[in-house]
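Let's take a walk through this structure together, with the chain open in your viewer. The tour goes by way of strands, a helix and a cavity.

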Amino acid sequence: MTPSASDPAASAGSLPQSWRPPVESLLEPGEAVLAWFQTDLDADLRFRQSVVVLTDRRLLGTDPGGVEDRKPDRSIARHDGAVTRTEQWYAWRIAADQRLLLSDQTGAGTLELMGPERRLAFWRFTSARSSSGGAIVRKFESLRQRDPEAIVAPVGGGVCPNCGRRLAADETECPSCAPAAAPPAAKSLLALIPFARPRSGMILLGLGLTMASTAVSLLPPLLTIPLLNNVLIPHHAGQPLDYRLVAWYLAGMAGANLLAWLLAWARTYVLAHVSEQVAADLRNRTYTHLQRLSLEFFGGRRTGDLISRVGSDSDRLCNFLSVSLVDFIADVFMFIMTSIVLLSIDPVLAIVVLLPLPLIAWLIQNVRFRLRHGFSQGYAAWGEMISVLADTIPGVRVVKAFAQEQREIDRFRTRNEHVRVVNNRVNRVWSFFEPTITLFTELGLLVVWLCGAWRIGHDSISVGVLVAFVAYISRFYGRLQSMSRMVVSTQRAAASAHRIFEILDRVPSVPEPARPVTPGRLRGEIELCDIWFRYGTRTVIKGIDLKVQPGEMIGLVGPSGSGKSTLINLVCRFYDVAQGAILADGVDIRSFPVSEFRQNIGIVLQDPFLFFGTIAENIAYGRPDASREEIVAAARAAHAHEFILKLSDGYDSLVGERGQSLSGGERQRISIARALLIDPRILILDEATSSVDTETEWLIQQALENLIRGRTTIAIAHRLSTLRRADRLVVMENGQVSEIGSHDELLAKSGTYTRLYRAQLQSAAEEDVAPAVPEVAKVAVVD
């Protein structure tokens with residue numbers, strides 16, 4: 001019998017059969033296996049079997065993430081039944097400064113081997129295996145002779161004590177108030193290289209133009225040397241002025257300036273064009289990645305902060321790439337070429353020119369860290385301020401209904417003040433930095449004049465050389481000041497890049513299958529096989545088994561918090577089960593590509609969301625290629641056609657943001673038409689009639705009858721009349737199925753359903769309204 005993954009092993013013999021030979025071949029003489037942990041996801045959250053083995057000397061593991069900088073220690077073939085796989089094995093000697101950490105988020109967990117300065121490796125696994133990882137972590141800690149409970153992962157959430165911001169579930173400190181211990185490094189900008197690589201040809205062209213324009217712009221000061229020494233100074237000494245030479249020198253200067261301008265224009269255009277393309281690709285990539293992230297990610301994030309990252313942060317990067325970086329490249333070339341020219345003219349005077357550089361470099365190094373952290377805090381504070389707008393503008397009706405305008409004004413003012421305070425800390429640093437650079441360069445210029453006058457007095461250089469030096473120095477120090485401003489631009493961009501790549505580095509907790517199975521058009525059979533699920537450490541679904549036949553309608557009832565909405569989220573694969581499986585037509589839904597599986601599902605929510613646009617565009621949201629005839633047919637079936645025609649522009653009427661120009665019942669019928677148009681095999685109804693009046697409910701019920709016909713339907717309702725056509729009612733309580741049956745069968749059991757039924761009868765009687773629930777019984781008798 002194969003032991004479970006949670007069994008701490010005393011030898012390699014307790015490992016699963018297929019893993020024993022590879023592990024035994026890796027063990028050193030006298031080395032003993034203490035524990036092992038089998039994972040089921042790879043670093044990209046695709047399903048793949050791996051194993052982590054702890055011995056009394058080392059940690060061994062197959063195919064970890066985070067090891068791109070090292071080669072595997074061994075490649076060993078493993079025979080798993082009829083399949084042979086080659087596994088890449090890595091090994092780490094256990095040291096006192098290492099940690100083995102286990103973290104679990106909704107749907108997926110991570111086992112991380114941490115070194116003193118960085119993460120050495122990690123393995124991912126589904127939540128079903130989370131409880132099995134504790135043994136190997138405890139054994140690892142005992143090897144280090146420490147209390148295994150001394151190392152506890154930080155717990156996120158709560159409220160920032162400084163600014164009052166509510167922290168996300170995975171945040172342990174406020175990003176806009178965090179201490180300056182580990183701000184994002186400027187190397188975050190190196191992550192932009194893959195975005196620039198496809199345009200390397202244009203970049204090389206831009207660099208070539210930069211070198212050419214810089215070289216040409218250095219010619220005019222060089223021509224001043226012969227103009228002074230050979231023409232103007234001799235004329236001052238009494239020789240006749242050679243106007244022909246003057247004209248040639250001035251024409252050369254004018255031509256060089258004109259050519260330098262032309263090349264600089266071409267350079268700026270080419271590099272700015274490339275930069276805009278890179279920034280656009282980055283925005284597209286970020287938004288695309290956001291769309292592919294799981295609901296878990298959005299549950300812990302503020303909308304305004306995400307908008308700020310995609311919008312403001314990407315715009316800062318665009319400005320950095322298209323303006324600051326282009327100027328910086330030109331400045332570097334000018335700096336290098338000017339230094340070469342100065343050294344070739346007079347090495348002694350050139351060394352004097354370069355004297356301020358060590359002081360400037362020292363100042364930049366000391367200021368850089370403080371600027372980077374300050375900008376990072378400032379952007380986080382800005383995101384919080386935008387989040388207030390994202391909350392209050394869509395919810396302005398609620399704000400006004402409760403007369404909370406002043407409260408929201410105060411909340412915005414507090415966030416805005418926090419932005420001002422954080423930015424002022426940066427301004428104090430920057431206001432000192434730039435004038436100090438200017439002071440150093442001005443002092444350098446005075447030293448050059450002093451040294452130059454002394455060397456002219458000793459006939460070491462000519463007046464023309466000194467004048468040329470001064471002309472070059474103005475360019476040299478001017479570019480040096482411009483390059484110093486690049487420090488600020490770089491730190492701004494680095495902070496923005498870090499915030500964007502925080503999104504891009506997140507992997508969905510609902511992984512795509514490694515070997516996908518195409519679902520095609522499903523029949524609609526759904527089977528829940530002993531499924532479990534938890535949010536963090538709270539288990540909300542506990543061992544549910546349920547089979548739904550194709551075309552069957554199941555009604556989910558139960559008190560609030562019983563797990564009904566979580567169950568349909570699992571069926572839609574918005575989250576993955578922690579244990580067990582959900583089958584569609586007999587196939588685990590985790591084997592289907594997520595988007596292809598969801599194309600078989602239609603959802604009608606309690607609060608339907610409509611996008612800004614026309615009614616026709618909203619109905620056709622799931623099928624943008626639908627014809628107008630198909631859209632009208634779906635609206636007729638949803639009993640929406642009549643009210644749509646009464647609008648000023650019919651199907652081309654704008655619904656306003658979130659459909660605010662329509663009533664709740666009208667939005668719901670548009671939502672039903674939207675679901676009808678995609679012709680789903682599986683239909684999810686989540687409190688579809690809970691927020692409407694009786695007349696509107698009747699219209700929606702008529703529309704729903706058209707919608708559910710011939711489709712597998714799972715419906716949630718507190719108002720039991722909504723479920724009058726359900727084939728079976730499933731009663732949930734505390735994350736478990738407590739009762740299953742028809743209305744009459746459940747009443748006969750005198751259980752949870754009976755209690756809910758009587759509560760609705762009593763509520764209806766108190767309101768002096770005919771109770772809705774008896775309709776369930778009446779329909780049952782008629783059927």
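What follows describes two sheets, the helix that touches both, a cavity and a pair of aromatic rings. Please keep in mind that this is a predicted model.

A good place to begin is the open sheet of four strands, whose order is β10-β9-β12-β13, with antiparallel pairing. Its edge strands are β10 and β13 (587-588), each of which pairs on one side only. Strands of a sheet pair through backbone hydrogen bonds, either parallel or antiparallel. To see this here, follow β9 (residues 526-535), which is joined to β12 (residues 579-584) by five bridges, the two strands running antiparallel. Along that seam, Ile526 has Ala584 as its bridge partner in β12, and Cys529 is partnered by Ala581. β9 also pairs with β10 in the antiparallel sense, over seven bridges. There you can find Glu527 with its bridge partner in β10, Lys547.

Now move to the other sheet. This one is open too, with six strands in the order β14-β15-β16-β11-β17-β18 and mixed pairing. β14 (601-604) and β18 are the edge strands, pairing on one side only. Direction ignored, neighbouring strands of this sheet are turned by 20° against each other on average.

The mixed pairing is easy to follow around β17 (residues 728-733). Four bridges join β17 to β11, and these two strands run parallel. Gly555 has Leu729 as its bridge partner in β17, while Leu556 stands opposite Val730. With β18 (residues 736-741), β17 shares five bridges, and here the strands run antiparallel. Val730 turns up again on this seam, where its bridge partner in β18 is Ile740. β17 and β18 form a hairpin with two residues between them. In the turn sits Asn734, with a positive phi of about 55°.

Which element brings the two sheets into one picture? Look at α14: this helix lies across β9, β10 and β12, running at about 115° to β9. α14 also packs on the six-stranded sheet, touching β11, β14, β15 (682-686), β16 (712-716) and β17. The direction of α14 makes about 150° with that of β16.

With the helix in view, you can turn to the empty space. The structure holds three cavities of 30 Å³ or more, and the second largest has a volume of about 50 Å³. Which elements supply at least two residues each to the lining of this second largest cavity? They are β10 (538-548), β11 (553-557) and α14 (564-571). α14 gives the most, with three residues. The residues that line the second largest cavity are Leu528, Leu546, Val548, Ile554, Leu556, Leu567, Ile568, Val571 and Ile714. By class, this lining has nine nonpolar, no polar and no charged residues. Notice Leu556 in the list: you met this residue above, opposite Val730 in β17.

One last stop concerns aromatic rings, of which the structure holds 10 pairs. Among them are Phe195 and Phe501: their ring centres are 6.3 Å apart and their planes stand at 65°, so the pair is edge-to-face. Phe195 belongs to helix α3 (residues 193-196) and Phe501 to helix α13 (residues 463-504). The pair links distant parts of the chain, 306 residues apart.

Methods
Residues are numbered from 1 along each chain as its sequence is written. This is a predicted model: local features need pLDDT of at least 70, side-chain atom pairs count only at pLDDT 80 or more; totals for chains, interfaces and linings use all residues. Side-chain values use heavy atoms; hydrogens and water are left out. On a 1 Å grid over the protein atoms alone, a cavity is a set of points where a 1.4 Å probe fits but cannot get out, and a pocket is an open set with protein on both sides within 12 Å along at least five of seven lines; lining residues have an atom within 4 Å of a point. Grid points are joined across faces, edges and corners, and a volume is the space filled by probe spheres set on the points. Ala, Val, Leu, Ile, Met, Phe, Trp, Tyr, Cys and Pro count as nonpolar, Asp, Glu, Lys and Arg as charged, and the others, Gly among them, as polar. Two strands pair if DSSP finds at least two bridges between them. Contact means heavy atoms within 4.5 Å. Axes are lines fitted to C-alpha atoms, for helices over the stretch in contact, and angles run from 0 to 180 degrees between N-to-C directions. Rings of Phe, Tyr and Trp (its six-membered ring) pair if their centres lie within 6.5 Å; planes under 30 degrees apart count as stacked, over 60 as edge-to-face and the rest as tilted.
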